[in-house]
Amino acid sequence: MHDVPGPPPTSPGSGPASGLVPLLREHAAATERRRRPVPVVVEGLAAAGLFGLAVPARHGGAQAGLPDQVRVLAELARGCAATSWTLSIYLTGSWLTGLFPEETAAEVFAVPAARVAVSLSPTGVLSEGPGGLKLSGRWGFNTGVADSHWDVLGAFRPTADGGREHVLVLVPTAALTVHDDWYASGLQGTGSSSVECAELPVPASRVLPFPAGTAVPGGSPDAAPELPRYEVFPLFSTLNTGTPLGIARAAADFLAERAPGRPIAFSAHQDQSLAPLTHRQVGEVDLKLRLAGLLADDLATRTERLAAAHLAHSLTERSTARASAATVAALCREAVDLVASACGASSVRADVPVQRMRRDIQALCLHAALNPDTALELQGQVLLGQTPRTAFL
């Protein structure tokens, strides 16, 4: 594994995000009912400049490093997990857009607070005929698409030797049919709807081979040498840690506010904050959060340092990134479950936010990229010198 000395590049912290937490918390229930962030929340993120967090400086963005992006996502999730997760997808979309040809990226980022959704699974087909390139397909779990300007979609393109190539296609959201089909028990406010198109003309400048190795902005090894060169899956894993961290911290805050003066039903305890069991629960939640935070910080720092040094991850580093992200999510789920248990039966009421936190963290741990069972199995395979049987590395 690499030993890359020195601190990661510095960039704006989570200050603007902290100021938005009360707004997000106020509208979290409405966001869930609407099944996408409410307009005032979208406007708040735009006004705070958070949609430009991962946009390169040469296009007017903040070009924030991964540690700061994770901190922002974690802070926002203290107010609304769905909004945080949606922003994490837009940050991914901003980075991917920077990999397209310069003129394409300039077109996208010319729109203030441009939002780029992402659905990387190659469930579409990019065909080429006399009329040029055309995209057809349907993509699910397309988080944030209804409020996006562009969408990066995965597709297979037939090759001359009879095979197929995984490509990414950048499409204006207005050219897609967005199906209002996102009804979920957790993270319902992410608006992760399906999209569809048929025979949609696509300029060649909006097609990118799926990034491999250290991805280079602009597609040329000589392009933007000042920018870090991330690898796709370690970057995704790193960003995936922010939202679960914020959910668990919000749950811990909720218990600290709820316990004082609250009697524990059918017990002698008239003040939950004085009960020894509560002390143990609060202590365990705190330690799980500390462990998750340390693991997330280590992942973000290492990923940023390797990218800044233009170094590729080893296979072990890539599997460790995925396992680390899944373990962060698992620790956070355990912390939220402890809080929910401590809050008693009344916490299942729809107007008590911990029930939404619990459903949201459960949904995250079922995500293919954050499923602890799958990630740890893969980590064990790699550590035992076996060839991993997945492309998600």
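Let me start with tryptophan 95, which in this predicted model touches Ala215, Tyr230, Val232, Leu235 and Phe236, if we leave aside residues up to four places away in sequence. Tryptophan 95 belongs to the largest nonpolar core, a set of 87 residues, and together with Leu76 and Leu87 it touches the most other members of that core. The largest share of this core, 13 residues, is contributed by α9. Apart from it there is a second, separate core of 17 residues, with Ala117, Leu153, Val169 and Leu200 among them.

Staying with helix α4, residues 81-97, we can turn to the sheet, since this helix lies across β1, β3 and β4, and runs at about 45 degrees to β1. The sheet itself is open and mixed in its pairing, with seven strands in the order β5-β6-β2-β1-β3-β4-β7. At its edges are β5, residues 177-179, and β7, residues 207-209, each of which pairs on one side only, and from one strand to the next the twist averages 25 degrees. If you look at the β7 edge, you will find that β7 pairs with β4, residues 164-172, in the antiparallel sense over three bridges, and that leucine 168 has leucine 208 of β7 as its bridge partner.

Now to two further helices, beginning with α2, residues 39-47, whose buried residues are Val41, Val42, Gly44 and Leu45. Viewed down the axis of α2, these buried residues fall within an arc of 160 degrees, so they line one face of the helix. The face turned away from that buried side carries Glu43 and Ala47, which are exposed. Among the elements that cover the buried residues of α2 are α1, α3 and α4, and the helix is followed by glycine 49, whose phi is positive, near 75 degrees.

How much of α7, by comparison, is covered? Helix α7, residues 242-258, is mostly covered, with twelve of its 17 residues buried, including Gly242, Pro244, Ile247, Phe254 and, at the end of the helix, Arg258. The cover over these buried residues includes α3, α4, α6, α8, α9 and α10, so named here with α4 and α3 appearing again, as they did for α2. In length, α7 reaches 25 Å from its first C-alpha to its last, close to the 24 Å expected at 1.5 Å a residue.

Notes. Residues are numbered from 1 along each chain as its sequence is written. This is a predicted model: local features need pLDDT of at least 70, side-chain atom pairs count only at pLDDT 80 or more; totals for chains, interfaces and linings use all residues. Side-chain values use heavy atoms; hydrogens and water are left out. Two strands pair if DSSP finds at least two bridges between them. Helices (H or I, at least four residues) and strands (E, at least two) are DSSP runs, numbered from the N terminus. Axes are lines fitted to C-alpha atoms, for helices over the stretch in contact, and angles run from 0 to 180 degrees between N-to-C directions. Contact means heavy atoms within 4.5 Å. The expected span of a helix is 1.5 Å times one less than its number of residues. Buried means under 20% relative accessible area, exposed over 50%, partly exposed in between (1.4 Å probe, protein chains only). A nonpolar core is a set of buried Ala, Val, Leu, Ile, Met, Phe, Trp, Tyr and Cys residues joined through side-chain atoms within 4.5 Å. The arc is that of the directions from the helix axis to the C-beta atoms.
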